Amino acid sequence: MSASGDTTTGPITFTSTSGTRPILTSATNSVALLTGSGSGWILDRIKCTHTATTRGAGLAWSGNVTNWRVRRCVFDGCLRGISTTTSANACHPLSVIDCEIANCTASTAGAIANFGNTFVMGCYIHDNTSIPCIVSDQITTNRVLVVVNCILVNSTYAIRINSNSTTTTLIVIGCTIAG
């Protein structure tokens, strides 16, 4: 794996440099595998798995962050794949591209849960039996959730928006939604 960039020259990229994804895993209860802070990060070609009795998130944030891109990653068996649990720990905006998120165990929120503007494209989100694939929590400010060319299957339901705002925008294009 390698990291490149800094906050003055562009995005910080954390990526796999080998032909296979490195696997980050934990058997420790309630621990997030990756906790992000700061802005302008790209997480690329990483696999996160969780095996604890009480699982943790694959990726979570420790405060509000901006401009995160998660691409070509796999989150399997985590509490939630990508998770913000409060508006104080949100990503504005978050892009999730060409990822797989499966077997999440949370009883609330979603496989992807964010309080900020969220763009999801080309993802395969499946077999999250007790939660929706994508949740957008909008508290009081207007937010946008865009889902393009994704497969959302075998979950409680595909997309849920929790909103106290009257102008939340949801755009879904070219997705397969089933079961």
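The following paragraphs describe the strand architecture, the salt bridges and selected surface residues of a predicted model.

The secondary structure of the protein chain comprises 21 strands and 0 helices. Of its 179 residues, 46% count as buried, and the chain exposes about 7,800 Å², of which carbon and sulfur atoms supply 52%. Among the contacts with a separation of 6 or more, 71% are accounted for by residues 24 or more positions apart along the chain.

One element of this architecture is an open sheet of 7 strands, which are arranged in the order 3-6-9-12-15-18-21 with parallel pairing. The edges of the sheet are occupied by strand 3 and strand 21 (176-178), and because each of these has a single partner strand, one side of each is left without a neighbour in the sheet. Direction ignored, neighbouring strands of this sheet are turned against each other by 5° on average. Within the order given above, strand 12 (residues 100-102) and strand 15 (residues 124-126) pair in the parallel sense over 3 bridges, and I101 is placed opposite I125 in strand 15.

Parallel pairing is also found around strand 11 (residues 94-97). This strand is joined to strand 8 (residues 68-71) over 4 bridges in the parallel sense, with L94 of strand 11 serving as the bridge partner of W68. Strand 11 likewise pairs with strand 14 (residues 118-121), again in the parallel sense and over 4 bridges, and here V96 stands opposite V120 of strand 14. The side chains of strand 11 alternate in direction, since L94 and V96 point one way whereas S95 and I97 point the other way, and all of these residues are buried. The structure holds 2 salt bridges, and these link D44, R71 and R72 in a network. In the pair formed by R71 and D44, the closest N and O atoms are 3.6 Å apart; R71 belongs to strand 8 and D44 to strand 5 (residues 41-44), so that distant parts of the chain, 27 residues apart, are linked by this pair. In the pair formed by D44 and R72, the closest N and O atoms are 2.5 Å apart. Because D44 lies in strand 5 while R72 is located in the loop between strand 8 and strand 9 (74-76), this pair ties together parts that are 28 residues apart in sequence. The members of the network vary in their exposure: D44, with a relative accessible area of 3%, is buried, whereas R71 is partly exposed at 29% and R72 is partly exposed at 35%.

Two further sites concern partly exposed residues. A nonpolar patch on the surface is formed by V144, I171 and I173, which together have about 210 Å² of accessible area. Of these residues, I171 is found in strand 20 (residues 169-173), and its relative accessibility of 34% places I171 in the partly exposed class. The other site is S18, located in the loop between strand 2 (12-15) and strand 3 (23-26). S18 has a relative accessible area of 41% and is therefore classed as partly exposed, given that this class lies between the limits of 20% and 50%. The C-alpha atom of S18 is separated by 9.4 Å from that of R45, although the two residues are 27 residues apart along the chain.

Note on methods. Residues numbered from 1 in each chain as written. Predicted model: local features only at pLDDT ≥ 70, side-chain atom pairs only at ≥ 80, totals over all residues. Heavy atoms only, no water. Helix = DSSP H or I, 4+ residues; strand = E, 2+ residues; numbered from the N terminus. Buried < 20%, exposed > 50% of the residue type's maximum accessible area, 1.4 Å probe, protein only. Patch = residues over 30% accessible without salt bridge, like charges linked within 9 Å, V, L, I, M, F, W, Y side chains within 5 Å. Areas by Shrake-Rupley, 256 points an atom, 1.4 Å probe, with all protein chains shown as cover. Salt bridge = Lys/Arg side-chain N within 4 Å of Asp/Glu carboxyl O. Pairing = 2+ DSSP bridges. Contact = heavy atoms within 4.5 Å. Axes fitted to C-alpha atoms, helices over the stretch in contact; angles between N-to-C directions.
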